[in-house]
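Please open the model in your viewer and keep the selection panel at hand. The tour below goes from one selection to the next and says what is to be found at each stop.

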Amino acid sequence: MKMDITYQWQLPVLMARAGYRNTTDLIEPLADRGIVLSRTQVYRLTRDPERISLQLLAALCDIFDVGLDQMITIDSKRIRTERKRRVNAEMPTLLESYRPVRARIVEDPDDQ
């Protein structure tokens, strides 16, 4: 069964709880942890990132004193796939009706 996995990036929520009103407020705390980003790069962090370095993720978790499960919430759903059904289950498919019959090898009584 297939799975549909989605995630929610919680950085904007964590920023609001911590009192950060602007994305530029993150520039200095990140720089204190050795990560130098431009204003544009920090702004892009508030959107759902497709890729993020582990160092940056660890720094953000340290700034807000949260774990990864609070920074990123993951939701997975099972996708139900429909099976193909035969129109008439009793009738063999076209190829099955033309399959060769297995040969049976028997010893020749005259060879003894």
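A residue is called exposed here when its relative accessible area is over 50% and buried when that area is under 20%, with partly exposed in between. With these limits in mind, select R78, which is found in strand 2; because its relative accessible area is 61%, R78 is exposed. Keep R78 selected and add D4: the two residues are 74 positions apart in sequence, yet their C-alpha atoms are 6.2 Å apart in space. Please bear in mind throughout that this is a predicted model.

Now clear the selection and show the whole chain as a cartoon. The protein has 5 helices and 2 strands, and reading along the sequence gives the pattern β-α-α-α-α-α-β. Of its 112 residues, 21% are buried, and the protein exposes about 10300 Å², of which carbon and sulfur atoms supply 48%. Among contacts with a separation of 6 or more, 67% are accounted for by residues 24 or more positions apart.

Select helix 4 next, residues 54–64, and display its side chains. Which residues of helix 4 are buried? They are L56, L57, A59, L60, C61, I63 and F64. If you then bring in the surroundings, you will find these buried residues packing against strand 1 (2–9) and strand 2 (72–79), and also against helix 1 (11–18), helix 2 (27–32), helix 3 (39–45) and helix 5 (68–71). Move on to D65, just after helix 4, where the backbone takes a positive phi of about 55°.

Stay with helix 4 for one further selection, D62 together with R33. Side chains of opposite charge can pair when their charged atoms come close. Here the side chains of R33 and D62 meet in a salt bridge, with 2.7 Å from N to O. R33 lies in the loop between helix 2 and helix 3 whereas D62 belongs to helix 4, so the pair ties together parts that are 29 residues apart in sequence. Both partners are partly exposed, R33 with a relative accessibility of 37% and D62 with one of 47%. The count for the model comes to 1 salt bridge.

The following stop is T23, in the loop between helix 1 and helix 2. Is T23 buried or exposed? T23 counts as buried, because its relative accessibility is 19% and the limit for buried is under 20%. When residues up to four places away in sequence are set aside, T23 touches M15, V42, Y43 and T46.

Turn to the surface and select M3, I5, Y7 and I74, which form a nonpolar patch with about 430 Å² of accessible area together. Strand 1 gives the most to this patch, contributing 3 residues. One of the patch members, Y7, lies in strand 1 and is partly exposed, with a relative accessible area of 35%.

For the final selection, pick E107, D108, D110 and D111, which form a negative surface patch. D111 is found in the segment after strand 2, and at a relative accessibility of 65% D111 counts as exposed.

Notes: Residues numbered from 1 in each chain as written. Predicted model: local features only at pLDDT ≥ 70, side-chain atom pairs only at ≥ 80, totals over all residues. Heavy atoms only, no water. Buried < 20%, exposed > 50% of the residue type's maximum accessible area, 1.4 Å probe, protein only. Helix = DSSP H or I, 4+ residues; strand = E, 2+ residues; numbered from the N terminus. Contact = heavy atoms within 4.5 Å. Patch = residues over 30% accessible without salt bridge, like charges linked within 9 Å, V, L, I, M, F, W, Y side chains within 5 Å. Areas by Shrake-Rupley, 256 points an atom, 1.4 Å probe, with all protein chains shown as cover. Salt bridge = Lys/Arg side-chain N within 4 Å of Asp/Glu carboxyl O. Lys, Arg positive; Asp, Glu negative; His and termini not counted. Charge placed at Lys NZ, Arg CZ, Asp CG, Glu CD.
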